[in-house]
Each structure stands twice: as C-alpha cells, then as structure tokens.
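Me: I'd like to learn how to read a predicted model. Could you walk me through one?

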Amino acid sequence: MRTAALALIAAAIAAPAAAQYNPLEAQQAENRVWAEQQLTQQQALAAQREAYAAQQRAQTAAAIATLKANQAAIQAQSQADANTPPPLNEALAASADQMAAAQARILAASNARILAITGGSR
C-alpha cells in the first residue's frame, strides 16, 4: 500500500513535467548551449592568437635590441681601434728600423773617423 502511494506520488510529480515538455524549447536550449560553447572556443582561440602575436612582438623586439647592441659594440670597437696607437709588433718593427738606421750612421761616422785618422788607408 505504501509502495503504491509512493508510485502514485511519483506519477503525479512526473506527469506535469512530461506534459510540459516542449521539443522546440528543448532544441532552443541545446542551441544556446552549443552557441555558448562555440563562443567560448572562439574566445580561447582569439586569446591564443593574441598571446602568440605578443610573443612574436617580444622576440622581434629582443632581436632588434640585440642587433642594435651588437652594432653599437662594433662601432665602439672601431672607434677604439682608430684611437689606439699601433700594436706592439709595429712599434717594435719601427724601433728596429730606427736602431738599424742609427747603427748605420754610427758605422759611417766611425769609418769616416778611421779614414780621417789613417789618411784614407787602413
């Protein structure tokens, strides 16, 4: 008896819900859910595209900054090279040439003295 009463109550509750079912409203609700899902997906894709574009802009800016820094370093090195005296090897070579010229002058002067003293004969 109690089971029958519960079944009768359940049927009474289900009957109005079944009577109120409208296939058009159900389809419209499904369409709204689908449209919301599509909108969410499109928004997620748009956010991904914007993040990718921002990443590309950041990488491009970093590459440009690196190139500018390298260019500035090259210009600074070129300026430093222009203001630097000749390297040590060049200075030593010039010094050796000067020393050889001085030795040649000393030798010539010494020979001239010897010739003056000896009267031209050795």
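Reply: Gladly; confidence comes first. This predicted protein averages a pLDDT (the predictor's confidence in each residue, from 0 to 100) of 83, and 82% of the residues score at least 70. As the model is predicted, local features need pLDDT of at least 70 and side-chain atom pairs count only at 80 or more, while totals for chains, interfaces and linings use all residues. Residues are numbered from 1 along each chain as its sequence is written, and side-chain values use heavy atoms, leaving out hydrogens and water.

Me: Which elements have the lowest and the highest mean pLDDT?

Reply: Where pLDDT is low, the predicted coordinates should not be read in detail. Here helix H1 (residues 2-20) has the lowest mean, 66, and helix H2 (residues 23-83) the highest, 90. Helices are DSSP runs of H or I with at least four residues, strands runs of E with at least two, numbered from the N terminus. The protein has 3 helices and 0 strands.

Me: How many residues does H2 have, and what does it reach from its first C-alpha to its last?

Reply: The expected span of a helix is 1.5 Å times one less than its number of residues. H2 has 61 residues and reaches 89 Å, close to the expected 90 Å.

Me: Which side chains meet in a salt bridge?

Reply: Side chains of opposite charge can pair when their charged atoms come close. A salt bridge is a side-chain nitrogen of Lys or Arg within 4 Å of a carboxyl oxygen of Asp or Glu. The whole structure has 1: Arg57 and Glu50 meet at 3.0 Å, N to O.
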